[in-house]
Amino acid sequence: MEEGSMFRSLLAILQWWGFNVTVIIMNKWIFQKLDFKFPLSVSCVHFICSSIGAYIVIKVLKLKPLIVVDPEDRWRRIFPMSFVFCINIVLGNVSLRYIPVSFMQTIKSFTPATTVVLQWLVWRKYFDWRIWASLVPIVGGILLTSVTELSFNMFGFCAALFGCLATSTKTILAESLLHGYKFDSINTVYYMAPFATMILGIPALLLEGNGILSWFDAHPSPWSALIIIFSSGVLAFCLNFSIFYVIHSTTAVTFNVAGNLKVAVAVMVSWLIFRNPISYMNAVGCGITLVGCTFYGYVRHMLSQQAPGTPRTPRTPRSKMELLPLVNNDKLEGKV
């Protein structure tokens, strides 16, 4: 790799890490330090900021060409994706409210396992035995981390776990519903974020509206807090833009390794800020999970490079749909 190309790849990865970790920490700060315990509203703010940001990038600044989607396909294909996407983001924010960032990020690493199992159960897809073997350390690491988590909360754990299922469902739907459209992360946000805002707006208003008014009256500096909340939404959009940049600057293997290292960075930074207790065995479980995720990505890459005619494991396209975080999960990863 040329020196200039290597520098661009490193820069892309670092800015991706920066935006991702900052969004995660800001969301946790909003729930824990600002006492703004309204995950639906936080998610809605992110969707609104992302809708505006995508419109500016595509329509005003014209930094990305608009991918034209048939009006019928917007409701038949994009809307179902937006619904699952919305659930995924909300569950990520709900889990952040109840469990530490380190635990949530480790659980989200369970997504490869849920994706493979769902594809096997729903579509009866064949997977090479090496794929199944690579899931063993992921599952084992998650179990060890969960058993030894000192700040375990069942509601937050379930929210993060179902978030993995939502991410996997989104991945599978992307493969079936979005064939024929070569979406990038910005166009994906352009079409999906407005739908997600529409889906989430009324529930957020009905379920959290009164609570927000009470919080606004009780908080010593609500306007400063609101600036932080909306800033997290702006950064969530910037994270989507950074994903587009990093995808085009790195290889699939580099992206996979960098993604797992990013989780480790997020865990370390969150511990330095929030000082949530982490036991030795808990850290070991997190490490095993990340190593398993890296091994899983390597196995899928190697199988995808097999010569034509060789039995291969079905490969879910590494579409930008899988890399939308809009909250905190950009493995489809996705998150905010």
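The axes of helix α3 and helix α7 (residues 154-177) come within 8 Å of each other and cross at roughly 160 degrees. With angles over 145 degrees counted as roughly antiparallel, that makes α3 roughly antiparallel to α7. Please keep in mind as you look around that this is a predicted model. The protein has eleven helices and zero strands, so here is a friendly tour of some helix pairs, loops and individual residues.

**Overall make-up**

- Read from start to end of the sequence, the pattern is α-α-α-α-α-α-α-α-α-α-α, in keeping with a secondary structure of eleven helices and zero strands.
- The protein has 336 residues, and 55% of them count as buried.
- Its accessible surface comes to about 15,000 Å², and carbon and sulfur atoms hold 71% of that surface.

**Helix α3 and its two partners**

- Where α3 meets α7, the crossing is left-handed.
- By class, the contact of α3 with α7 has 16 nonpolar residues, along with six polar and three charged ones.
- Helix α3 (residues 71-98) also packs against helix α2 (residues 39-60), at an angle of about 130 degrees and with the axes 9 Å apart.
- That angle makes α2 oblique to α3, because it falls outside the ranges for roughly parallel, roughly perpendicular and roughly antiparallel.
- The crossing of α2 past α3 is right-handed, whereas α3 passes α7 in a left-handed one.
- On the α2 side, P39, L40, V42, S43 and F47 make the contact with α3.
- On the α3 side, the contact residues are F85, C86, I89, V90, N93, V94 and R97.
- Sorted by class, the α2 and α3 contact has nine nonpolar, two polar and one charged residues.

**Buried spots: T197 and helix α4**

- T197 is a residue of helix α8 (residues 185-218).
- With a relative accessible area of 19%, T197 is buried, because the cut-off for buried is under 20%.
- Leaving aside residues up to four places away in sequence, T197 touches C44, F47, I48 and S51.
- F47 is worth a second look in the viewer: F47 of α2 takes part in the contact with α3, and F47 is also among the residues touched by T197.
- Helix α4 (residues 101-108) is mostly covered, with eight of its eight residues buried.
- The buried residues of α4 are V101, S102, F103, M104, Q105, T106, I107 and K108.

**Loop residues with positive phi**

- D35 sits in the loop between α1 and α2, and its phi is near 60 degrees, a positive value in a residue other than glycine.
- The relative accessible area of D35 is 43%, which means that D35 is partly exposed.
- K62 is found in the loop between α2 and α3.
- Phi of K62 is near 55 degrees, again a positive value in a residue other than glycine.
- K62 has a relative accessible area of 62% and is therefore exposed.

**Residues paired across the sequence**

- F7 belongs to helix α1 (residues 3-32).
- F7 counts as exposed, because its relative accessibility is 53% and the cut-off for exposed is over 50%.
- F7 and S249 are 242 residues apart along the chain, and their C-alpha atoms are separated by 9.7 Å.
- I278 lies in the loop between α10 (252-274) and α11 (280-304).
- At 28% relative accessibility, I278 counts as partly exposed.
- The C-alpha atoms of I278 and P100 are separated by 9.7 Å, with the two positions 178 residues apart along the chain.
- I278 touches S102, L150, W271 and A283, not counting residues up to four places away in sequence.
- S102 ties two topics together: S102 is touched by I278, and S102 is one of the buried residues of α4.
- V284 is located in helix α11.
- V284 is partly exposed, with a relative accessible area of 27%.
- V284 and T145 are 139 residues apart along the chain, and their C-alpha atoms are separated by 7.7 Å.

Note on methods:
Residues numbered from 1 in each chain as written. Predicted model: local features only at pLDDT ≥ 70, side-chain atom pairs only at ≥ 80, totals over all residues. Heavy atoms only, no water. Axes fitted to C-alpha atoms, helices over the stretch in contact; angles between N-to-C directions. Helix = DSSP H or I, 4+ residues; strand = E, 2+ residues; numbered from the N terminus. Parallel < 35°, antiparallel > 145°, perpendicular 65-115°, else oblique. Left-handed = near helix turned anticlockwise from the far one by under 90°. Contact = heavy atoms within 4.5 Å. Nonpolar A, V, L, I, M, F, W, Y, C, P; charged D, E, K, R; others polar. Buried < 20%, exposed > 50% of the residue type's maximum accessible area, 1.4 Å probe, protein only. Areas by Shrake-Rupley, 256 points an atom, 1.4 Å probe, with all protein chains shown as cover.
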